[in-house]
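The following note sets out, point by point, what the coordinates show. Please read it beside the sequence and the model.

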Amino acid sequence: MAEAQNPGGEDPQTPASSRMTSFTQVPIEVTVAVGRASPSIQELLGLDVGSILTLDKALDDPVELFIGDRSIGFGLLEVSEESGDPRLSVRLTEIADLGTSAP
């Protein structure tokens with residue numbers, strides 16, 4: 001008698017909560033949209049090292065966080081110190097309801 005194959009590799013007897021815990025440990029990439037610019041092709045070709053590309057946002061405007069193309073919230077940029085090394089960070093100010101399905 002042939003045994004059924006489990007394509008996910010998980011033991012079907014493993015509790016769902018245990019499988020979910022494994023799933024929640026998978027790293028994902030979060031993108032932070034700081035702002036947008038719409039230069040002409042001529043302006044874009046004129047950019048050089050040290051050029052400034054002005055964005056449509058003010059320095060203290062909220063930034064938007066995305067996973068893929070789905071917005072997951074908003075935050076403010078700040079500098080944090082990790083091991084004495086200054087890092088650009090985002091302080092979350094609003095988190096989307098992630099329990100709803102995408103449109």
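1. The model is predicted. Strand β3 spans residues 70-82 and contains V79. This residue serves as the starting point of the note.

2. V79 has a relative accessible area of 59%. Because the cut-off for an exposed residue is over 50%, V79 counts as exposed.

3. V79 also contributes to a nonpolar surface patch of about 990 Å². The other members of this patch are I28, V30, V32, V34, L44, L47, L53, L55, I67, L77 and L88.

4. As to overall composition, the protein chain has two helices and four strands. Along the sequence these elements follow the pattern α-β-α-β-β-β.

5. The four strands make up an open sheet with antiparallel pairing, and their order is β1-β2-β3-β4. The edges are taken by β1 (31-33) and β4 (85-95); each has a single partner strand, so one side of each lacks a neighbour in the sheet. On average, neighbouring strands are turned by 45° against each other when direction is ignored.

6. How many bridges link β1 to β2? The two strands pair through three bridges, in the antiparallel sense. One pairing to inspect in the model is that of A33, whose bridge partner in β2 is E64.

7. Strand β2 covers residues 63-67 and runs antiparallel to β3, to which five bridges join it. Two positions illustrate this pairing. L65 has G73 of β3 as its bridge partner, while I67 stands opposite R70 in β3. I67 is, in addition, one of the residues of the nonpolar patch described above.

8. The hairpin of β2 and β3 has two residues between the strands. Within this hairpin, G68 adopts a positive phi near 65°.

9. Turning to the chain as a whole, 9% of the 103 residues count as buried. The accessible surface of the protein chain amounts to about 9,100 Å², and carbon and sulfur atoms account for 56% of that area.

10. Which share of the contacts in the protein chain joins residues at least 24 apart, when those between residues at least 6 apart in sequence are considered? The share is 32%.

11. In summary, V79 is an exposed residue that lies in β3 and takes part in the nonpolar surface patch. Strand β3 itself is joined to β2 by five bridges, within an open sheet of four strands.

Definitions and conventions
Residues numbered from 1 in each chain as written. Predicted model: local features only at pLDDT ≥ 70, side-chain atom pairs only at ≥ 80, totals over all residues. Heavy atoms only, no water. Patch = residues over 30% accessible without salt bridge, like charges linked within 9 Å, V, L, I, M, F, W, Y side chains within 5 Å. Areas by Shrake-Rupley, 256 points an atom, 1.4 Å probe, with all protein chains shown as cover. Salt bridge = Lys/Arg side-chain N within 4 Å of Asp/Glu carboxyl O. Buried < 20%, exposed > 50% of the residue type's maximum accessible area, 1.4 Å probe, protein only. Pairing = 2+ DSSP bridges. Axes fitted to C-alpha atoms, helices over the stretch in contact; angles between N-to-C directions. Contact = heavy atoms within 4.5 Å.
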